[in-house]
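Here are my notes on the model you passed along. Have it open while you read.

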Amino acid sequence: MKVVIIGGVAGGATAAARLRRLNDKAEILLLERGKHISYANCGLPYYIGGEIPSQSGLIVQTPERFKERFNIDVRVMSEAVEIHPSLRTVLVRDYAKNAEYWETYDELILSPGAEPVKPPIPGTGDKRIFTLRSLSDAVKIREYILTPGVKRAVVVGGGFIGVETAENLVRAGLKVSIVEMGDHLIPPLDYDVAAEIHAYLKNKSYSIDLHLNTAVKAFYSREGGISAELTDGKILEADMAILAAGVIPDTSLAESAGVERGGRGVILVDEHMRTNVPHIYAVGDAVEVKNAVTGQPAYIPLAGPANKQGRIAADNICGIRSAYKGTQGSSILKFFDITAASTGLNERAAASAGFDYDKTYIRTYSHATYYPGAEQMLIKTVFEKKTGRILGAQIVGGSGVDKRCDLFAVAVRAKMTAQDLTEMELCYAPPFSSAKDPVNITGYAIENILTGKVRQFHWNQIPAISADENAVILDVRTEAERKQGFIANSVHVPLDELREMLRKLDKSKAYYVHCRTGLRSYIACRILAKNGFDCYNLAGGYVLYETVTSGLAQ
Ligand code: FAD
């Protein structure tokens, strides 16, 4: 059997190695258009910033090592330019020899990845405007920022690649402007969770300024720099720009071979990664997947899924009927010293999939606060109201975000409910967690809502509640906390004085209670409810309200 693989990075290299492990006799040919195979594209931003100091640190496998260990014929600088499925042949362009030749195949795997979207902005042809896809792109950017006089950059797009690249440009000593068309950074997060990152950026005064709800209208080339004109009329002066406005599948070769594609050119595959063309498989950023939560078709380009799919394609070629069940979008990002992670559905996705959902916000610590070094995190969880099923989670904070989001990833995948979260028995000692881990606490909080022990209200309802004469916003924080800021027209009764004050409160009114994070106000709500008051707890507390609304004011 002869297998030709097109694309030698995440999906392609994984498929090649798995094929060899399953079949020692197969002839395996890996074609890669670029100079490198099997490099860590996820590490490219850190090479730009200098955290990964050498290119070799990013290269997982070389063609020579692949040959030596796996007996795989790897040809770099070799692009597949035509496929003839009826003859099972591929035309290869060898850039090193400037020649073309045909190769035959019994089975073909396409793993061509995705390319950066090039927004139709006038002026992007300037050589100081870059995109970041390959190691060669990263090398070009690194070389350019090391040229004397390069001090300012504009990053177009506030998604993962844009944000990671912005951080690394700052680390390399540049001032950076991020221009994002949407109202928040990192699209898999909801606005209220992303607001934590906006606030963090503002407080830390890193050399990054954020331009949300605006786009670059045009770039103008100047001697010694470029100007970016924004749709809100501002002009940003810079020495370079990075276009990080998303990716589109790189699938024109597949199209010319008659491979069926969907919207935006994604290759359509079955669960065994087979395309409609016999003997042609496709994996990775080029293919459409099933959203693992909704069951709907989706485009979620990530490294984990690409690797898994490469393995599955190899399995199927070797007669193992393994199947790809879907992608839930588990992703994580480091931004200076905070982490943002998410898995499953955010609110927008849950709403558009038609789920009758609700949400909780928990602000808690990475481990027992009496042990040094505990760091805060905000966990937003989206759950199905009827069943308590966990649909998704988003977490922003310091240490421990990654492990909590991974637990939620498992919960989402296994269709666990809030009750399952309460029952998870997790490793605990003070340096690592609390006896009730944040994931357990999330389960308890959701259970309290589902069983009617507490009713919530949300930050965006506050203007309407303030205007309602039958409603009272009750602040149960301490005097010292209130001095730092409060919701207009709220009434202040610290939690520890609430029982004494009960007889002075008007039972004909509805009480909208808040504390700093939602825990003390939950206790206040229990006291009020048990004494016959109509009451609601502010989800996420004053901190969330303040963070989100100060961002809106900006
Ligand atoms: P790729 O890994 O992109 O490989 C495709 C290869 O195919 C390319 O090298 C290309 O040159 C080659 N090719 C295309 N057409 C041909 C042809 N006709 N002939 C020969 N060769 C061809 N994902 C995460 O999950 N976490 C992260 O932190 C993360 N960070 C990222 C950071 C950056 C800067 C980038 C660019 C991506 C990041 N990703 C991340 C996404 C992740 O890298 C991709 O999901 C993954 O690499 C997709 O694998 P793939 O095999 O489909 O495509």
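The points below start with the whole chain and then move to the ligand.

1. Keep in mind that this is a predicted model. The chain has 17 helices and 30 strands, so to speak a lot to scroll through.

2. On overall dimensions, the C-alpha atoms fill a box of roughly 90 × 60 × 40 Å along the principal axes. The radius of gyration is 27 Å, which agrees with the value near 24 Å for a compact globule of 554 residues.

3. As for packing, 54% of the 554 residues count as buried. Among contacts with a separation of 6 or more, 61% join residues 24 or more positions apart. The chain exposes about 24,500 Å², with carbon and sulfur atoms supplying 51% of that.

4. Now the ligand. It is surrounded by 28 residues, and the closest are Gly-11, Glu-32, Ser-111, Asp-285 and Ala-303. By type, the shell divides into 15 nonpolar, seven polar and six charged residues.

5. Which atoms lie 2.7 Å from an oxygen atom of the ligand? One is a polar side-chain atom of Ser-111, and another is an N or O atom in the side chain of Asp-285. Ala-80 uses its backbone instead: an N or O atom there lies 3.0 Å from a nitrogen atom of the ligand.

6. How much of the ligand is covered? Taken alone the ligand exposes 990 Å², and the protein buries 88% of that. Helix H1 (10-22), strand S4 (78-84) and helix H8 (303-317) each give two or more residues to the shell. The largest share, three residues, comes from S4.

Notes
Residues are numbered from 1 along each chain as its sequence is written. This is a predicted model: local features need pLDDT of at least 70, side-chain atom pairs count only at pLDDT 80 or more; totals for chains, interfaces and linings use all residues. Side-chain values use heavy atoms; hydrogens and water are left out. A residue is near a molecule or strand if one of its heavy atoms lies within 4 Å of it. A polar contact is a pair of N or O atoms within 3.5 Å; within protein, one must be able to donate a hydrogen and the other to accept it, and residues adjacent in sequence count only if both atoms are side-chain atoms. Accessible areas come from the Shrake-Rupley method with a 1.4 Å probe; for residues, only the protein chains shown count as cover. Helices (H or I, at least four residues) and strands (E, at least two) are DSSP runs, numbered from the N terminus. Ala, Val, Leu, Ile, Met, Phe, Trp, Tyr, Cys and Pro count as nonpolar, Asp, Glu, Lys and Arg as charged, and the others, Gly among them, as polar. The radius of gyration is taken over C-alpha atoms; the globule rule is 2.2 Å times the number of residues to the power 0.38. Buried means under 20% relative accessible area, exposed over 50%, partly exposed in between (1.4 Å probe, protein chains only). Contact means heavy atoms within 4.5 Å.
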